Amino acid sequence: MSSLEVLALLELGHGRREQFQARRPPFTDRLRRALRGLATLGHRSLLVIILLAAWEAVPRLGLIDAVFLPPFSEVIAAGWQLAQTGELYDDVSASLLRALSGFLISVVLIVPLGLVVGWYSRLGDLLNQFIEICRNTAPLALLPVFILLLGIGELSKITMVIYSCAWPLLLNTIAAVKQVDPLLIKSARTMGATPQQLFRKVILPAALPTIFVGIRLASASAMLVLVASEMVGAKAGLGYLIINSQYSFLIPQMYFGILGITVIGLACNAVLEAIERHFMRWKAPVAG
């Protein structure tokens, strides 16, 4: 290789390195963005941090009996012990399996039903009284009925979750279809849209925001009803962990079970928000 070729290769490599350095943002900019993100997170979580600090300090200062409200660090330590023994994994997996099974089944069955009932007004008028009676019957009031009919096994618990999720899903889906702007429907029909195109291109996109509100309400209802049902005739699950810890006077474990339900609920809500943003990328963000 001649000296000219070596010189050309060196210049080419130097040019590529300068181009790469030009593309990569300076370290100070990246550090500034990271610090800004941490500051935003801390600002949003300030109230939670204050509450956790108060939870830690109040029992240690003797303002509340630490037997009934142990410090936050002792609650976390009790959860760590549960994780080491494997009991926490069994309880969390059992609750997640029941909640997700009932929730997904209800979404698959109820959302299409709500779309049909909302679109066909005669069917909605026919089912209106039945829907009102069922949605005003508290799911927890029916827990003994489900246990008598389906036993204390998995079937009764999953069915309870399906029943509790059905009504926020159904009502929000029906309202979503009925609230679609009639001008959009009329315009699509004027342009010769078929019923399938009208539903896929107009009704469903316009109804999605309200449908997702129902889905998020249903996910919260699923965990609420599941925990209550696990307190009766269950051998695993977060509800069982809470009630068994109360009976055994393992108060830190009881509080950790409550925290576990909260964390799972927040995680499920974050996942649903991400899915909602994915399916509604066309929606303009609200300026804050």
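Me: What is a salt bridge, and how many does the structure hold?
Reply: A salt bridge is a side-chain nitrogen of Lys or Arg within 4 Å of a carboxyl oxygen of Asp or Glu. The model examined here is predicted. Counted over this structure, the salt bridges number six.

Me: Which residue forms a salt bridge with Arg-216, with the closest N and O atoms 3.1 Å apart?
Reply: Arg-216 lies in helix α10, and its partner lies in helix α12 (residues 251–279), so the pair ties together parts that are 57 residues apart in sequence. At 27% relative accessibility, that partner counts as partly exposed. The residue is Glu-273.

Me: Is Glu-276, which meets Arg-216 in a salt bridge, buried or exposed?
Reply: The side chains of Glu-276 and Arg-216 meet at 3.6 Å, N to O. This pair links helix α12 with helix α10, 60 residues apart. Buried means under 20% relative accessible area. Glu-276 has 15% relative accessibility and therefore counts as buried.

Me: How many residues apart in sequence are the parts tied together by Arg-98 and Glu-230?
Reply: Arg-98 forms a salt bridge with Glu-230, with 2.7 Å between the closest N and O atoms. Both Arg-98 and Glu-230 are buried. Arg-98 belongs to helix α5 and Glu-230 to helix α10, so the parts tied together are 132 residues apart.

Me: Which residue is linked with Arg-98 and Glu-230 in a network of salt bridges?
Reply: Arg-98 and Glu-230 form a salt bridge with each other. Their network takes in one further residue, Glu-154.

Me: Which helix gives the largest share of the largest nonpolar core?
Reply: The largest nonpolar core has 54 residues, and those with the most contacts inside it include Trp-167, Leu-169, Ile-211 and Ile-215. The largest share, 14 residues, comes from helix α10 (residues 195–230).

Me: Where is the kink in helix α6 centred?
Reply: The buried residues of α6 are Gly-124, Ile-131 and Cys-134. What covers them includes α5 (87–119) and α8 (154–178). The kink in α6 (residues 121–135) is about 45 degrees and is centred on Leu-127.

Me: Which helix gives the most to the nonpolar surface patch?
Reply: The patch covers about 530 Å² and is made by Val-145, Leu-148, Leu-149, Leu-150 and Leu-155. Leu-150 has a relative accessible area of 33%, so Leu-150 is partly exposed. With four residues, the helix that gives the most is α7 (residues 143–150).

Definitions and conventions. Residues are numbered from 1 along each chain as its sequence is written. This is a predicted model: local features need pLDDT of at least 70, side-chain atom pairs count only at pLDDT 80 or more; totals for chains, interfaces and linings use all residues. Side-chain values use heavy atoms; hydrogens and water are left out. A nonpolar core is a set of buried Ala, Val, Leu, Ile, Met, Phe, Trp, Tyr and Cys residues joined through side-chain atoms within 4.5 Å. Buried means under 20% relative accessible area, exposed over 50%, partly exposed in between (1.4 Å probe, protein chains only). Helices (H or I, at least four residues) and strands (E, at least two) are DSSP runs, numbered from the N terminus. Patches are made of residues with over 30% relative accessible area and no salt bridge: like charges are joined within 9 Å, nonpolar side chains (Val, Leu, Ile, Met, Phe, Trp, Tyr) within 5 Å. Accessible areas come from the Shrake-Rupley method with a 1.4 Å probe; for residues, only the protein chains shown count as cover. The bend at a residue is the angle between axes fitted to the seven residues ending there and the seven starting there. Contact means heavy atoms within 4.5 Å.
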